[in-house]
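Subject: Structure for you to look at

Hello,

Here is the structure I promised to pass on. Please open it and keep it on screen while you read my notes below.

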Amino acid sequence: MGRTDRASLLVHVDRAAVFAALTDPEALVEWLPPAGMHGRFEDFDMREGGSYRLVLTYDDASDAPGKTSADSDVSEVRIARLVPGEQIASDVDFASDDPAFQGTMRMEWNLRDADEGTDVEIVARDVPYGVRARDHAEGMTSSLTNLATYLEP
């Protein structure tokens with residue numbers, strides 16, 4: 001059993017707009033990669049029971065070697081639950097030969113109404129021990145900040 005990491009942010013738009021950004025591949029590649037990375041999808045089927053393969057590439061991998069190769073992290077993601085406007089829960093496996101990154105991590109994106117918009121919460125359960133807590137917190141916070149920048153006027 002791995003650890004659980006959490007991050008959240010108030011985004012000043014309604015839940016429908018946030019959910020649309022969480023499920024559209026063109027939107028996702030714009031805001032999901034944390035600072036210092038860019039992304040692309042090799043496959044994309046966003047529906048309950050669907051899956052996608054996401055490749056995140058470091059802009060400079062000299063001090064942050066990737067999980068899959070020297071400059072990239074590849075994730076195989078299966079959509080376990082999709083509740084429009086409320087939640088996306090997915091099972092994530094890193095494509096890595098390193099045992100430190102093995103195991104399935106459950107990622108939940110939860111949306112809740114707030115007075116000034118939408119509270120967006122990420123809960124990552126069973127995080128592989130090779131993913132350092134500080135790095136994961138920074139990455140999740142960066143993605144949430146990117147999401148807010150993408151959506152807010």
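Start with the sheet. Seven strands build it, and it is open. Their order across the sheet is S1-S7-S6-S5-S4-S3-S2, with antiparallel pairing. Two strands sit at the edges: S1 (3–11) and S2 (37–44). Each of these pairs on one side only. From one strand to the next, the twist averages 25 degrees. Please remember that this is a predicted model.

A word of background on sheets may help. Backbone hydrogen bonds pair the strands, in either a parallel or an antiparallel way.

Now step back to the whole chain. The protein chain has three helices as well as the seven strands. Along the sequence, the pattern reads β-α-α-β-β-β-β-β-β-α. How compact is the chain for its length of 153 residues? Its radius of gyration is 15 Å, close to the 15 Å from the globule rule, so the chain is as compact as a globular protein of that length. The C-alpha trace spans about 45 × 30 × 30 Å along its principal axes. Of the 153 residues, 46% count as buried. Consider also the contacts between residues at least 6 apart in sequence: 49% of them join residues at least 24 apart.

Next, walk through some of the strand pairs.

- S2 and S3: S3 covers residues 51–58, and seven bridges pair it with S2 in the antiparallel sense. Glycine 39 stands opposite leucine 56 in S3. The hairpin of these two strands has six residues between them. In that hairpin, glycine 49 takes a positive phi near 90 degrees.
- S5 and S6: S5 (residues 87–94) pairs with S6 (residues 105–114) over six bridges, again in the antiparallel sense. Aspartate 91 has arginine 106 in S6 as its bridge partner. Alanine 89 stands opposite glutamate 108 in S6.
- S6 and S7: these strands run antiparallel and are joined by nine bridges. Leucine 111 stands opposite valine 120 in S7. The hairpin from S6 to S7 goes through two residues.

Then look at how helices sit against the sheet. H1 packs on it and touches S1, S2, S4 (72–83), S5, S6 and S7 (117–127). The direction of H1 makes about 160 degrees with that of S6. H3 also packs on the sheet, where it touches S1, S6 and S7. The direction of H3 makes about 20 degrees with that of S1.

These helices meet each other too. Two numbers describe such a pair: the angle between the axes and the distance between them. The axes of H1 (residues 15–23) and H3 (residues 133–151) come within 11 Å. They cross at roughly 115 degrees. The crossing is right-handed. Which residues make the contact? From H1 come Ala17, Val18 and Ala21. From H3 come Leu147, Tyr150 and Leu151. What kinds of residue are they, nonpolar, polar or charged? Six are nonpolar, with no polar and no charged residues in the contact.

A good place to begin on screen is glycine 49, in the hairpin of S2 and S3. After that, find Tyr150 of H3, one of the residues in the contact with H1.

Best wishes

How values were computed
Residues numbered from 1 in each chain as written. Predicted model: local features only at pLDDT ≥ 70, side-chain atom pairs only at ≥ 80, totals over all residues. Heavy atoms only, no water. Axes fitted to C-alpha atoms, helices over the stretch in contact; angles between N-to-C directions. Helix = DSSP H or I, 4+ residues; strand = E, 2+ residues; numbered from the N terminus. Left-handed = near helix turned anticlockwise from the far one by under 90°. Contact = heavy atoms within 4.5 Å. Nonpolar A, V, L, I, M, F, W, Y, C, P; charged D, E, K, R; others polar. Pairing = 2+ DSSP bridges. Rg over C-alpha atoms; globule rule 2.2 N^0.38 Å. Buried < 20%, exposed > 50% of the residue type's maximum accessible area, 1.4 Å probe, protein only.
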